[in-house]
Amino acid sequence: RLPSQLQAWRKADRDGEQMIWLLKPTISCCGRGIRLIQGPDDPSLPPSLRGYVAQQFVHPPLLIDGHKFVLRLFTIVTSFRPLRAYHYRDGPVFYTGSRYNVSEAIRIERKATERAEKLGEDVQGGLHLFGEKGGFIGKDHLLTDYYFTLKQRDYEVRAAPLLERFLPKFKPEKIWEDIEVAMAESLVAAADRMGKQEAQDIPYDGSVYEVVGFDILLDSYGRPWVCEVNSTPNMGLEVNKGGDMEVEEEDGYLKTEIMRAMLDIAGVHPRRIDVSIPLKSELLINHPENCVQDVLNTLNSLGTQLIIAGSDDSHCGGEEDELDSQDSEKIDFKCLRERDIALITSFECERLAAKRYPQVSMVFPRPPDSKDEMGNMLGMLEHEGGRHGCREDRLLAWWLALKH
């Protein structure tokens with residue numbers, strides 16, 4: 001983040017080999033204001049770096065017929081504290097308008113920037129780019145901008161068939177798994193801050209959800225990199241430069257399917273919390289009966305002690321006694337409070353809804369066969385939010401291992 005981390009940027013640039021960077025405005029969209037530069041001493045840098053971030057340019061990227069592409073993938077976060085997130089394994093594919101040539105792209109962008117700045121125009125607003133002779137350049141010549149082009153017609157509109165058709169040697173299932181690890185790490189990094197905001201501004205658990213859009217780029221080895229995370233991704237039709245109605249219809253169908261799955265997982269309906277209502281009755285108001293009964297039966301079979309609000313829980317030990325182990329498989333929650341049961345029920349209902357959609361995969365908690373990976377992420381959550389802030393995340397990890 002600039003200018004506060006300028007020295008760290010200089011060090012990273014010195015330690016790397018011929019690194020290329022993206023300079024991005026912190027508040028913008030649609031590729032506006034992004035510059036392709038060769039480091040902190042590049043002559044095309046703006047006079048002030050305030051309001052910009054520097055991001056390493058992924059080079060060389062994976063190409064299709066010489067074109068870069070990015071996957072726009074959607075994840076629904078039903079809670080940041082504890083963190084619960086699900087990913088739809090499909091999404092629109094955006095391509096660059098020209099073939100990949102870094103040196104040419106830097107030369108064109110530098111000339112365009114110089115000319116636009118002299119004219120006092122928006123450097124990269126999309127309509128004010130000029131070449132060496134003053135001719136219009138536009139988005140087609142930029143390696144920093146992706147959108148719907150004629151390439152959707154030539155290749156694929158959607159990410160899932162693209163991976164299967166063009167990238168089988170990289171094993172699409174492995175790519176999806178790696179993408180979801182990168183998503184989980186990104187969300188874990190933001191979980192403490194977002195969780196505090198959630199606790200402050202949201203009166204009831206489960207009353208909101210957030211859909212975030214991940215822009216994922218693959219390098220030449222098929223490894224995914226998070227380009228950016230969009231808090232308000234476009235769920236309408238994309239700008240379709242090719243004007244192809246079939247492409248537009250497929251985009252509309254895809255977005256509809258994604259939102260249908262995510263709203264189902266979120267269980268979009270009013271939630272009620274009333275301490276005067278018996279626990280099972282309250283759960284049945286907010287969740288499907290089969291889901292509630294399954295949770296209660298499972299807990300009964302374990303001999304779990306339910307602590308009703310206001311009852312004596314001294315025989316169960318302290319609230320954190322169950323958390324001495326760092327391994328969620330060894331945690332034994334013998335005593336659960338009403339809030340714990342409600343949390344487990346919400347999670348289990350989300351899980352069951354997600355299973356109805358083959359394209360949906362859980363981003364967080366991580367599955368039990370990723371024990372070491374999940375342990376590391378829980379450690380990150382504890383580091384950011386403190387030991388007590390991670391209890392509910394460990395509770396859900398315990399439940400997931402139990403059901404798995």
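This passage walks through a predicted model of a single protein chain, from its overall make-up to a few of its elements.

To start with the broad picture, the chain contains eleven helices and eleven strands. Of its 404 residues, 49% are buried. Looking at contacts with a separation of 6 or more, 70% of them are between residues 24 or more positions apart.

Confidence varies along the chain. The average pLDDT is 79, and 74% of the residues score at least 70. Strand E5 comes out highest, at 96, while helix H7 (residues 279-286) is lowest, with a mean of 65. Two stretches call for some care. Residues 123-141 stay under 50 in pLDDT, although the model gives them 52 contacts beyond four places in sequence. Residues 318-330 are also below 50, and here the model has 27 contacts beyond near neighbours in sequence. Where pLDDT is low, the predicted coordinates are not something to read in detail.

Towards the start of the chain sits a small open sheet. Three strands make it up, in the order E2-E1-E3, with antiparallel pairing. Strand E2 (35-37) and strand E3 (52-56) are the edges, each pairing on one side only. Ignoring direction, neighbouring strands in this sheet are turned by 30 degrees against each other on average. As a general point, strands of a sheet pair through backbone hydrogen bonds.

Strand E1 (residues 21-25) is joined to E3 by five bridges and to E2 by three. Leu23 of this sheet shows both pairings: its bridge partner in E2 is Arg35, and its partner in E3 is Ala54. Next along, Leu22 has Gln55 as its bridge partner in E3. Four of the five residues of E1 are buried, so the strand is largely enclosed by the rest of the structure. Helix H1 (residues 6-15) lies across E1, E2 and E3, and runs at about 160 degrees to E1.

Strand E4 is another well-covered element: twelve of its twelve residues are buried. Its pairings involve E5, E6 and E7, and each of them is antiparallel. Seven bridges link E4 with E7, five link E4 with E5, and three link E4 with strand E6 (residues 93-95). Individual residues make this easy to trace in the model. Thr75 stands opposite His87 in E5 and opposite Val212 in E7, while Phe69 has Tyr95 as its bridge partner in E6. The link from E4 to E5 is a hairpin, made through two residues.

Helix H6 (residues 245-266) also packs against E4, among other elements. With 22 residues, H6 spans 31 Å from its first C-alpha to its last, close to the 32 Å expected at 1.5 Å a residue. Its buried residues are Val247, Asp251, Leu254, Lys255, Ile258, Ala261, Met262, Ile265 and Ala266. They cover an arc of only 135 degrees around the axis, which places them on the same side of H6. The spacing fits a simple rule: an α-helix has 3.6 residues a turn, so residues three or four places apart point the same way. On the other side of H6, Met245, Glu246, Glu249 and Tyr253 are exposed.

The buried residues of H6 have a mixed set of packing partners. The strands are E4 (69-80), E5 (83-88), E7 (210-218) and E11 (360-364), and the helices are H3 (151-154) and H9 (338-355). Just after H6, Gly267 takes a positive phi of about 60 degrees.

One residue of H6 is worth a look of its own, namely Lys255. At 3% relative accessibility, Lys255 counts as buried because the cut-off is 20%. Setting aside neighbours within four places in sequence, Lys255 is in contact with Phe74, Pro92, Asn234, Met235, Gly236 and Glu238.

Key. Residues are numbered from 1 along each chain as its sequence is written. This is a predicted model: local features need pLDDT of at least 70, side-chain atom pairs count only at pLDDT 80 or more; totals for chains, interfaces and linings use all residues. Side-chain values use heavy atoms; hydrogens and water are left out. The expected span of a helix is 1.5 Å times one less than its number of residues. Buried means under 20% relative accessible area, exposed over 50%, partly exposed in between (1.4 Å probe, protein chains only). The arc is that of the directions from the helix axis to the C-beta atoms. Contact means heavy atoms within 4.5 Å. Two strands pair if DSSP finds at least two bridges between them. Axes are lines fitted to C-alpha atoms, for helices over the stretch in contact, and angles run from 0 to 180 degrees between N-to-C directions. pLDDT is the predictor's confidence in each residue, from 0 to 100.
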